[in-house]
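Visitor: Hello! I am new to this structure and would like a close look at a single part of it. Could you show it to me and then walk me through that part?

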Amino acid sequence: WLEINSRAPYVAFPTREDWRGFVNTQVQLIKSPLVLTPVVSDPQIAKFEEIAEKPDALKWVTEQLDVKSIGQSELYTVAFVGPNPGNSKAIVDRVVASYFNVRDQDDAERTNRVLGLLKELETSRKRQVEGLQNRYRELYQTATGSDPFLARPNRAQGQDHVLYEVESKWATAEVEREVQAARLTAFQEFAETSEIEVPSWKVEQALNAHEAIQTRQAALDRQSADLAKLKDKLARGVDDPMYQERQGAIEEAKEALQTLRAKLRDEVKQQLESAERLAREQEADRMRFQLESYQSMAEAYRRQYEKKKQEVLAGVEANSADTVELEFAREDYLRAQKVYDLIAQRVREIETEQDAPARVKLRQAATVPTRPVESVPTKKIAAASFVSLLFPFGLAVLWEFFVRRVNSAQQVQE
């Protein structure tokens, strides 16, 4: 049993990600080749009779695997329908383990790196706030002779200022830009320092899909099918020279297929590595585009702020210039303080939510069923009985259709 939460659980801060479609994505991921290929490639699973005898084990496992919700809850069952109860349990256990392995790859490492970069940014912004604070203090003391920070400046008192709205938008855009820059840096470091390792099962999967391999495999399957038919026709069976000759040709074809696979393996692996490298570059491009969007937004708000600031300065008298400069110094300090506070809040959010409950949890491991899915195959029995009942009538109809009867002398003359 799995619990799949549509919304990410949190300790104190709700997630900003889009939760729509998350559950369906997880269900499809469980049944995807990304999860199931390592399962059928596992030596312990591959030796199961029901797996070994299937020409396309991956397709068969996909068809037999069932993931469904319980009522309207967030609980889901993962079940496998097979002839052996113990093997079915082992397959489900391996599927769930493979699914969690795919989900957890690289996430924690990159999150920690983003957190480290944001902490460095937090320290840098703190120094900037202290500089603007000292400038505002000096101007205030020059104008009034007192220290403005004996009582902390109240942000609410400045909300009616003409620059407040655009200043707030500017600060928010700056924070989003800095956070996105940290994410991009962390991803680029990951892409540059981590080697691209293509799993062996993925290489084998790509080889199986290769046109040349499929052509050879199809020819080999036809040869094997023809040989099985020939065996039934030969009086001496497998001891017949013709059978042994054909069997030898099939063995040679198998060796040639393995040789071809070995020849193509490095080529296919390089193609997969290139595809992964391209995927990383595309992800980096997407993140850079988002960063540029935040940069453009922050720059647009900065220009609005400067424009409004100049309009205010142009509208004041010369003897009021010192008061306006003091007010602007206060606004600059408060804006920098807001940016710092937002970055610090984002750092606290990430630190706190690292301890949040998992979004997908294993509630109960697979168990061996005590009774089969269908104890008596009533549907099959009913279908067989119906066919056997209709069979004599079908024969009678065919007999009447093909056999011509003579009922009169006129029919004989005709």
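Visitor: Please look closely at helix α11: which residue caps the N-terminal end of α11?

Guide: Happy to help! Please keep in mind that this is a predicted model. The residue you are asking about is D240, which caps the N-terminal end of α11. A side-chain oxygen of D240 lies 2.8 Å from the backbone nitrogen of M242.

From there, let us follow the helix along. Helix α11 covers residues 241-314, which is 74 residues. From its first C-alpha to its last, α11 reaches 107 Å, close to the 110 Å expected at 1.5 Å a residue. Along the way, α11 bends by about 35° at L264.

Two residues make good stopping points. One is I250, which is found in α11. I250 counts as buried because its relative accessibility is 4%, under the cut-off of 20%. What does I250 touch, once residues up to four places away in sequence are not counted? The answer is L220, Q223, S224 and L227. Take L227 from that group: I250 and L227 are 23 residues apart in sequence, and their C-alpha atoms are 9.1 Å apart in space.

The other stopping point is E283, also found in helix α11. E283 is partly exposed, with a relative accessible area of 27%; that value falls between the 20% and 50% cut-offs. The side chain of E283 is joined to that of R286 by a polar contact of 2.6 Å. E283 and F187 are 96 residues apart in sequence, yet 8.8 Å separates them in space, C-alpha to C-alpha.

Now let us step back to see what else the protein contains. Its secondary structure comes to 14 helices and four strands. Of the 414 residues in the protein, 31% are buried. Among contacts with a separation of 6 or more, 76% are between residues 24 or more positions apart.

Where do nonpolar residues gather? In soluble globular proteins, nonpolar side chains tend to be buried together. Here the largest nonpolar core has 30 residues, and I51 and V95 touch the most other members. The elements giving two or more residues to this core are β1, α1, α2, α5, β2, β3 and α6. The largest share, seven residues, comes from α6. Leaving aside neighbours within four places in sequence, V95 is in contact with I30, V35, L36, V39 and L65. Apart from this core lies another, of 16 residues, with I196, L227, L234 and Y243 among them. You have met L227 already, as one of the residues that I250 touches.

A small detail is worth a look in the loop between α1 and α2, where S32 lies. S32 counts as buried, at 14% relative accessibility. Its side chain reaches the backbone oxygen of L29 at 2.7 Å.

Finally, a word on confidence. The protein averages a pLDDT of 81, and 83% of the residues score at least 70. Among its elements, β3 has the highest mean pLDDT, 90, while helix α14 (residues 409-413) has the lowest, 60. Over residues 155-160 the pLDDT is below 50, and this stretch has 10 contacts in the model beyond near neighbours in sequence.

Note on methods
Residues numbered from 1 in each chain as written. Predicted model: local features only at pLDDT ≥ 70, side-chain atom pairs only at ≥ 80, totals over all residues. Heavy atoms only, no water. Expected span 1.5 Å × (residues − 1). Bend = angle between axes of the 7 residues up to and from the residue. Polar contact = N/O pair within 3.5 Å; in protein donor to acceptor, adjacent residues only side chain to side chain. Buried < 20%, exposed > 50% of the residue type's maximum accessible area, 1.4 Å probe, protein only. Contact = heavy atoms within 4.5 Å. Core = buried A, V, L, I, M, F, W, Y, C linked by side-chain atoms within 4.5 Å. pLDDT = per-residue confidence, 0-100.
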